[in-house]
Amino acid sequence: MRAMAVASPGGPESLRLVEMPTPTRVGHEVLVRVVAAGVNPVDAKSRAGAGVSPGSDWPMVPGYDFSGVVVQTPYEAFPLSPGDEVFGMTAFPRTGGSYAEYVSVPAFSVARKPSVLSHAEAAAVPLAALTAWGAVVDLAKAHEGQKVLIHAGAGGVGHLAVQIAAYFGAEVVTTASPKNAEWLLELGASRVIDYTTTEFEDELADLDVVIDGVGNAKHSTGSRSLQVLRPGGLIVSLPSAGWPTMIEDAAAAGMRATHYFVQPDAGTLSVIARLITSGDVRVTADTVLPLEEAERAHILMESGHVRGKIALKVSDY
Ligand SMILES: NC(=O)c1ccc[n+]([C@@H]2O[C@H](COP(=O)([O-])OP(=O)(O)OC[C@H]3O[C@@H](n4cnc5c(N)ncnc54)[C@H](OP(=O)(O)O)[C@@H]3O)[C@@H](O)[C@H]2O)c1
């Protein structure tokens, strides 16, 4: 099969189109022909030998998101059949592999693709949407009247987190550059703060939750967020590094803080698929490129200003 692989840690130019054996399905795995793969910041971190799984085996094939068609199932009465359209995540964070024509993944990683989405749009969903759900629903317990600040609302995770939080009745403020403000208001934010001109801590106070998709790498966004929480409020930090003293700093200020790590979860992905089908959640795959242009996709993503997601078209459907 064709795959985009990286021989050893490096920059976007180290992504090379290679031929490699099609994976063999074992045990409870489902073999899927990949039609499209989603691109996430962690793909670039892994490619560079950093991120949550820096010790990956080399050469490695990046990619944790896929949308495609079932080829083989584990047993006869399995709920999915060859030919069904599915989407899901490969095993995160250890092995990527979706920048390739086939993946073989555990059954708990695969859900039915919403028919309202193209494969490129569906490939943009799993990792970002499961992260948004994990942070907003599982950890923050979004509910009516809750006041939430979501940093990087225009990003892959952010644009889904804004919608999921609003769906559960939370009042959502988000940070973004001005070009994304109107779009984020349409998605359900009640207010968008232009982080390029405004210090969010000058405008906000007494919030219940901050979902931080930026961290301290940019303008100490993570640690400044403690200033806008109410006593006992919660910060959920998504960038893998967060900031080193986050837990202690939050505790000293009388607040709570936690990291979060996404994992494949077909059950939750099926719930998200229903919200997509009903139109309550929309996914934006702003840029779709052929697999051969994975290098360009990584350069674009590492610029840090993609709206929504990037997807790679891997094969025809
Ligand atoms: N822990 C986990 O399980 C997990 C899972 C997924 C992602 N993550 C991490 O979470 C972070 C966000 O992921 P993502 O996929 O959403 O990233 P992304 O799509 O690459 O985020 C890009 C967005 O960030 C916005 N942005 C850039 N600088 C900003 C700033 N200073 N303030 C506010 N917004 C800013 C940009 O909006 P503008 O163009 O408007 O500037 C852009 O739309 C990454 O660090 C990622 O690695 C962690």
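**The ligand site and its surroundings**

In this predicted model, a nitrogen atom of the ligand sits 3.1 Å from an N or O atom in the side chain of lysine 218, a polar contact (a pair of N or O atoms within 3.5 Å). The protein covers 91% of the 940 Å² of accessible area that the ligand has on its own, as computed by the Shrake-Rupley method with a 1.4 Å probe. Backbone atoms take part too: a polar backbone atom of tyrosine 260 is 2.6 Å from a nitrogen atom of the ligand, and a polar backbone atom of valine 306 is 2.7 Å from an oxygen atom of the ligand.

A word on how to read these values may help. Residues are numbered from 1 along each chain as its sequence is written, and side-chain values use heavy atoms, leaving out hydrogens and water. Because the model is predicted, local features need pLDDT of at least 70 and side-chain atom pairs count only at pLDDT 80 or more, while totals for chains, interfaces and linings use all residues.

What surrounds the ligand, class by class? The shell has 14 nonpolar, 10 polar and 3 charged residues; here Ala, Val, Leu, Ile, Met, Phe, Trp, Tyr, Cys and Pro count as nonpolar, Asp, Glu, Lys and Arg as charged, and the others, Gly among them, as polar. Of these 27 residues, Lys45, Ser177, Tyr195, Tyr260 and Val306 come nearest, where being near requires a heavy atom within 4 Å. Helix H1 (41-47), helix H3, helix H4 (156-167) and strand S9 (171-176) each supply at least two residues of the shell. Helices (H or I, at least four residues) and strands (E, at least two) are DSSP runs, numbered from the N terminus. Both domain 1 (2-125 + 283-313) and domain 2 (128-259) give residues to the shell, so the ligand lies between them; the domain bounds come from an automatic or database assignment.

Helix H3 (residues 126-139) deserves a second look, with its kink of about 25 degrees centred on tryptophan 133. The bend at a residue is the angle between axes fitted to the seven residues ending there and the seven starting there. Since 12 of the 14 residues of H3 are buried, this helix is largely enclosed by the rest of the structure; buried means under 20% relative accessible area, exposed over 50%, and partly exposed in between (1.4 Å probe, protein chains only). Trp133 is among the buried residues, as are Pro126 and Gly134. Just after H3, lysine 141 takes a positive phi of about 50 degrees.

Methods. A polar contact is a pair of N or O atoms within 3.5 Å; within protein, one must be able to donate a hydrogen and the other to accept it, and residues adjacent in sequence count only if both atoms are side-chain atoms.
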